[in-house]
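The following note is offered for the review of a single-chain model. The points are numbered so that each may be checked separately against the coordinates.

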Amino acid sequence: MAEQLVELNVTGMHCNNCAMSIHKLLEKKGLHDVLVNFASEEVKFSTADQSILPQIIKDIESLGFKVVDEENIQPTTFYEKVENKFIFCAFFTAPLLLHMIFPWHFLHNSIVQLILCLPVFAVGCLHFGKSAYSSLKNGVPNMDVLIFVGSTSAFIYSLVGTIENLGEHYLFYETFATIITLVLLGNVFEKRSVNQTTSAVKDLMKFQQVNANRVINGGVEVISAKDVLSGDTLLVNEGDQVPVDGEVISGVALINEAMITGESIPVAKTKYDKVIGGTILQQGNIRIMATKVGSNSTLSQIIDLMKKAQAAKPPVQKLGDKVASIFVPVVILIALATFVITYFATDAGLQQSMLHAIAVLVISCPCAMGLATPTAVMVGLGRAAKNGILIKGGDTIEAVANTKYVLFDKTGTLTTGKFSIHQIKPEEGFTVEQVRGVIMAIEERSNHPIAKSMVGELQSLPQQKVILRNAKEEKGLGMRAEDVEGNNYFLGTARHKTLDNFNLTLYRNQVRMAQIAVDDTIKPDAASLIAQLKKDGIIPVLVSGDKKTRCAVVASALGIDEVHPEMLPDDKLKLVDMYRKKGKTIMIGDGINDAPALTQADVGVSMNDASQIAIQSAKVILLNTDLQSVVKFLQISRHTLLTIKQNLFWAFAYNIVAIPVAALGFLNPMVGALAMAFSDIIVIGNSLRLKVKRVNI
């Protein structure tokens, strides 16, 4: 049974630390493509066994969180908002810090400090203590264990000093309160920052939350776009958003499709043209018939692709996940060792030994490791989507790194796919009109781009009509047909010796009727794309089912040195496999015959106007047929991977440096809490740079 993506709404997550607890739990259960986003309260994973879902929900709730139905999501209460917890704690922490600056004697009283500290302690127990206990109980210790153990140690030490009346040197209430308050402040910034990384999907989802003008019984009623049914007639006025996918019934309009293709120039739409839900009607008025609604719409499929893409982790994340899984127990051991060594091997005393250990606990930050990859992937996928590039998985981004070969299909990829008949050379005994009639009759039955172009051209030319009994397409070869008089025809790629400029041959009853020269034009931006790839050390390769001479002309014009003509689907598959053994290989194509090769390549890239099979087989879909989208895809992918590596470097370097510094006593616990709180903000900030930074190969 195929795996399905499961999405749950989980409330009660206040930082990435909570998300990591759920993430570790689900991975321990053997689930795949796990993604937990605390800011959007989403939990996603893939499973083939839907029967385990009730137990998974029970396990998540045992960690202290709540799984809710999407329709019954309750608004967050005043207390549950981490911002309010921070303000509450800051109110009581401020006086405790002021006594260190101003000589206000009443603030030096241990009972006053205890009273000020108790509300913060209550929040610390409910916010961090509850999470720490749940994570330990389920065998997935999280960062809250470090925060709670460290801060509570300072509180209990101070409480003992107060009860025993041991004096000010035993009071560290301000240390406890400051640690809790600063970590909450870090949670606030973290939540707001991570929210920005998921904006691409949220922006697309807003396009679905619109109304539609349904034409019914001569009038117009306003309904929600989600209530539109296939077959409904809708009125779309100037300035409106097209509510669902459909076909124009009447009217003329200019529609901005930038949210789908990344192309800002409006597209003219007239009767029978297709329109896409979410696009904006800039000028004119049209009536459309709804064709794809709900989950079948283009926009819904894009959103679904992006959600699944965010759940597919790049292999580079495995290192971060592995370290994070053993991080908390290791840090606790380091803190204990710090206390024991400092107390017994030096003359630092009990207070100083404890402060060193607390500093180790509160400065350690596994959150940065957990945030390093998903935040960068979300921003990278979002930027790609806004440029009309749909990447089906975060793992695809890493697969693009160190690409050595890019294999191009010719027709419809490097060329426009719009063909014209340059010359027809009939054999003796046949006329041009006869040949035109046969070609017209056969190609009307085909969906191949050459066929569509030829039919459009031949309609206005003189021809001898032929009535066919049947016709069928042979993938990668051509068309076979039989007329009502019993004659058998074959029209396909010329494979036997023909004149150089003829690339199609027509046979009747196995006798050659004619040779046909069909011309295709090279896309205007193809040459610059090939030049850009070669400049970056990537080898372009032309792979086509067309004749050797035709392929050579295109390859020569574009500067492609490696050419493989007359390739059948099986040949393309073997060729991709051969190149993959020599280096990372990307395959770009658009036809049914490209689908196996797209699947076989390290990364398959499909054009938006490609066949549905090619789109399903590819890992990347270019919604804008402009070939510069290929360069943009490579640029965004490489910079996303670079950002991930930068984030992981920071996360590891921070902890490698900070923990020994704290253990050696060079760091006050309060400064440690501040550093920890902002370490993950640095990682998120670096990821957010991807939204605006210049990306060059």
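1. At one end of the main sheet, in a model that is predicted, Val-543 has His-564 as its bridge partner in β21. This pair belongs to the contact between strand β20 (residues 539–543) and β21, which run parallel and are joined by three bridges.

2. Two helices should be inspected together with these strands. Helix α19, residues 569–582, packs on the sheet and touches β13, β20, β21 and β22; its direction makes about 165 degrees with that of β13. Helix α17, residues 526–535, lies across β13 and β20 and runs at about 160 degrees to β13. With angles over 145 degrees counted as roughly antiparallel, α17 falls in that class relative to β13, and α19 does likewise.

3. The sheet as a whole is open and has seven strands, in the order β12-β24-β23-β22-β13-β20-β21, with mixed pairing. Its edges are formed by β12 (389–391) and β21 (562–564); each has a single partner strand, so one side of each is left without a neighbour in the sheet. From one strand to the next, the twist averages 20 degrees.

4. Strand β22 (residues 584–589) merits a separate point. Five of its six residues are buried, so the strand is largely enclosed by the rest of the structure. Five bridges connect β22 with strand β13 (residues 403–409), and these two run parallel. Within that pairing, Val-406 has Ile-586 of β22 as its bridge partner. Four bridges connect β22 with strand β23 (residues 603–607), again in parallel, and here Met-587 is paired with Gly-604 of β23.

5. Which residues have the most contacts inside the largest nonpolar core? They are Leu-414, Ile-586 and Phe-633, in a core of 103 residues. The element that gives the most to this core is helix α22 (residues 628–663), with 15 residues. A second core, separate from this one, has 25 residues, including Ile-424, Leu-468, Ala-481 and Ile-516.

6. The surroundings of Leu-414 can be listed in detail. With neighbours within four places in sequence left aside, Leu-414 is in contact with Phe-408 and Asp-409, with Ile-522, Lys-523, Ala-526 and Ile-530, and with Leu-542, Leu-558, Ile-560 and Leu-627. Of these partners, Phe-408 lies within the residue range of β13, Leu-542 within that of β20, and Ala-526 and Ile-530 within that of α17.

7. Another helix pair lies elsewhere in the chain. Helix α5 (residues 143–163) and helix α11 (residues 349–363) pack at an angle of about 155 degrees, with their axes 8 Å apart; they are therefore roughly antiparallel to each other. Their crossing is left-handed. On the α5 side, the residues that meet α11 are Leu-146, Ile-147, Val-149, Gly-150, Ser-153, Ala-154 and Tyr-157. On the α11 side, they are Leu-350, Gln-351, Met-354, Ile-358, Leu-361 and Val-362.

8. Two backbone conformations should be checked. Most residues other than glycine have a negative phi. Tyr-272, although not a glycine, has a positive phi of about 80 degrees; it is found in the loop between β9 (267–269) and β10 (274–275). Tyr-272 is exposed, with a relative accessible area of 62%. Glu-566 has a phi near 50 degrees, which is likewise positive in a residue other than glycine. Its place is in the loop between β21 and α19, and at 31% relative accessibility Glu-566 counts as partly exposed.

9. Two further loop residues are noted. Asn-387, in the loop between α12 (367–386) and β12, is partly exposed, with a relative accessible area of 29%. Its C-alpha atom is separated by 8.8 Å from that of Phe-633, although the two residues are 246 apart along the chain. Ile-52 is placed in the loop between β3 (42–47) and α2 (53–62). The relative accessible area of Ile-52 is 27%, and the residue is partly exposed. Not counting residues up to four places away in sequence, Ile-52 touches Leu-31 and Thr-47.

10. Overall values complete the note. The protein has 23 helices and 24 strands, and buried residues make up 54% of its 697 residues. Among contacts between residues at least 6 apart in sequence, 68% join residues at least 24 apart.

How values were computed:
Residues are numbered from 1 along each chain as its sequence is written. This is a predicted model: local features need pLDDT of at least 70, side-chain atom pairs count only at pLDDT 80 or more; totals for chains, interfaces and linings use all residues. Side-chain values use heavy atoms; hydrogens and water are left out. A nonpolar core is a set of buried Ala, Val, Leu, Ile, Met, Phe, Trp, Tyr and Cys residues joined through side-chain atoms within 4.5 Å. Buried means under 20% relative accessible area, exposed over 50%, partly exposed in between (1.4 Å probe, protein chains only). Contact means heavy atoms within 4.5 Å. Two strands pair if DSSP finds at least two bridges between them. Axes are lines fitted to C-alpha atoms, for helices over the stretch in contact, and angles run from 0 to 180 degrees between N-to-C directions. Angles under 35 degrees count as roughly parallel, over 145 as roughly antiparallel, 65 to 115 as roughly perpendicular and the rest as oblique. A crossing is left-handed if the near helix is turned anticlockwise from the far one by less than a right angle, and right-handed if clockwise.
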